[in-house]
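Reader: I should be grateful for a close look at a single part of this structure. Please concentrate on the strands and on the charged contacts that accompany them.

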Amino acid sequence: MTSIPLAEIVTLEPEKIDLVSILITVGVGLGVWIVARFIILRITRRVSAGSSFFKKAHFKWVQPAIRALDHERRSQRAETIGTLLTSLVSVVVVVIVIIYVLKYMNVDVAPLLTSVGILGVAIGFGAQQLIRDFLAGIFITIEDQYGIGDVIVTSEVIGTVESVGLRITRVRAEDGAIWYLRNGEILRVGNRSQGDYVPLETPDTTIEPGAAAAPVTAGAPRVTKAEEKSNE
């Protein structure tokens, strides 16, 4: 009589979580973020303070050829670029750390990355205008198309720039109104402060339309309207 072999009991041991690797990854990511933030902060402060290279006595002849930026304008540009770089570094570091942490926790990252990619595409389609404003603001800041104190001309308004952000440019119009212009909608802009702008001569509006001025001969006395009425 043959005995039926007992079914082998298969025990599935749970995969161990590599806690040491997770801690090392988080520590390295935090260190990279601190170092990058420190470097960006140093560069931002140096740009904000201005370069002292051309302020030396040997390079005074170069100074007239350099278009000096106002301190407030230079500080805002440096702060904007510094904030942009800090945000970019933070996002990159956080994403990389999360991916490696999930990997050490034995989580399949491939489906997650696919889902995140699809979600990013959907968000990109829904926020096209916002992304367009941010990209335009980045190029406006980097290329120094205009800054604080510049008088600009756009299709919407003519006025003085009071603030330049990554999404919005604030302009004070000639009548005192504050305009908030989205950077992505500024298709063309003229900067009167950067070029050799000469205002057009405005016609004399004191003369009534249709009235011809009487020629005055040299040495002839000018007759006023009161004298003409008294002569009549």
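Author: The account below takes up the strands, then their salt bridges, and ends with two features of the helices.

The model is a predicted one. Strand 1, covering residues 151-153, pairs with strand 2, covering residues 158-164, in the antiparallel sense, and three bridges connect the two. Strand 1 and strand 2 form a hairpin, with four residues lying between them. On the other pairing, strand 2 runs antiparallel to strand 3 (residues 168-173), and five bridges join these two strands. Here too the connection is a hairpin, with three residues leading from strand 2 to strand 3. Strand 2 thus takes part in a pairing with strand 1 and in a pairing with strand 3.

Glycine 159 shows this arrangement at the level of a residue. In strand 2, glycine 159 stands opposite isoleucine 152. The bridge partner of glycine 159 in strand 3 is alanine 173.

The side chains add charged contacts to the pairing of strands 2 and 3. Glutamate 162 and arginine 172 form a salt bridge in which the closest N and O atoms are 2.5 Å apart. Arginine 172 belongs to strand 3 and glutamate 162 to strand 2, so this pair ties together parts that are 10 residues apart in sequence. Glutamate 162 also forms a salt bridge with arginine 170, where the closest N and O atoms are 3.4 Å apart. As for accessibility, glutamate 162 counts as partly exposed at 25% relative accessibility. Arginine 170 is likewise partly exposed, at 29%, and arginine 172 is partly exposed at 37%.

The count of salt bridges comes to four. One of them joins aspartate 133 to arginine 182, with the closest N and O atoms 3.2 Å apart. This pair links distant parts of the chain, since aspartate 133 lies in helix 4 (residues 128-143) and arginine 182 in strand 4 (residues 178-182), 49 residues apart. The two partners stand on opposite sides of a cut-off: buried means under 20% relative accessible area. Aspartate 133, at 1% relative accessibility, therefore counts as buried, whereas arginine 182, at 29%, counts as partly exposed. Salt bridges with shared partners join Asp133, Arg182 and Glu185 into one network.

Two features of the helices complete the picture. A search of the whole structure finds one aromatic pair. The ring centres of tyrosine 100 and tyrosine 104 are 6.4 Å apart and the planes meet at 40°, so the pair is tilted. Both tyrosines lie in helix 2 (residues 71-104), four residues apart, which is about one turn of the helix. Tyrosine 100 is partly exposed, with a relative accessible area of 39%, and tyrosine 104 is partly exposed at 25%.

The other feature is a nonpolar surface patch of about 460 Å², made by Val35, Phe38, Ile39, Ile43 and Val47. Valine 47 lies in helix 1, which covers residues 19-49. With a relative accessible area of 42%, valine 47 is partly exposed. A residue needs over 30% relative accessible area to enter a patch, and the 42% of valine 47 therefore satisfies that requirement.

Notes. Residues numbered from 1 in each chain as written. Predicted model: local features only at pLDDT ≥ 70, side-chain atom pairs only at ≥ 80, totals over all residues. Heavy atoms only, no water. Patch = residues over 30% accessible without salt bridge, like charges linked within 9 Å, V, L, I, M, F, W, Y side chains within 5 Å. Areas by Shrake-Rupley, 256 points an atom, 1.4 Å probe, with all protein chains shown as cover. Buried < 20%, exposed > 50% of the residue type's maximum accessible area, 1.4 Å probe, protein only. Pairing = 2+ DSSP bridges. Phe/Tyr/Trp six-rings, centres within 6.5 Å; stacked < 30°, edge-to-face > 60°.
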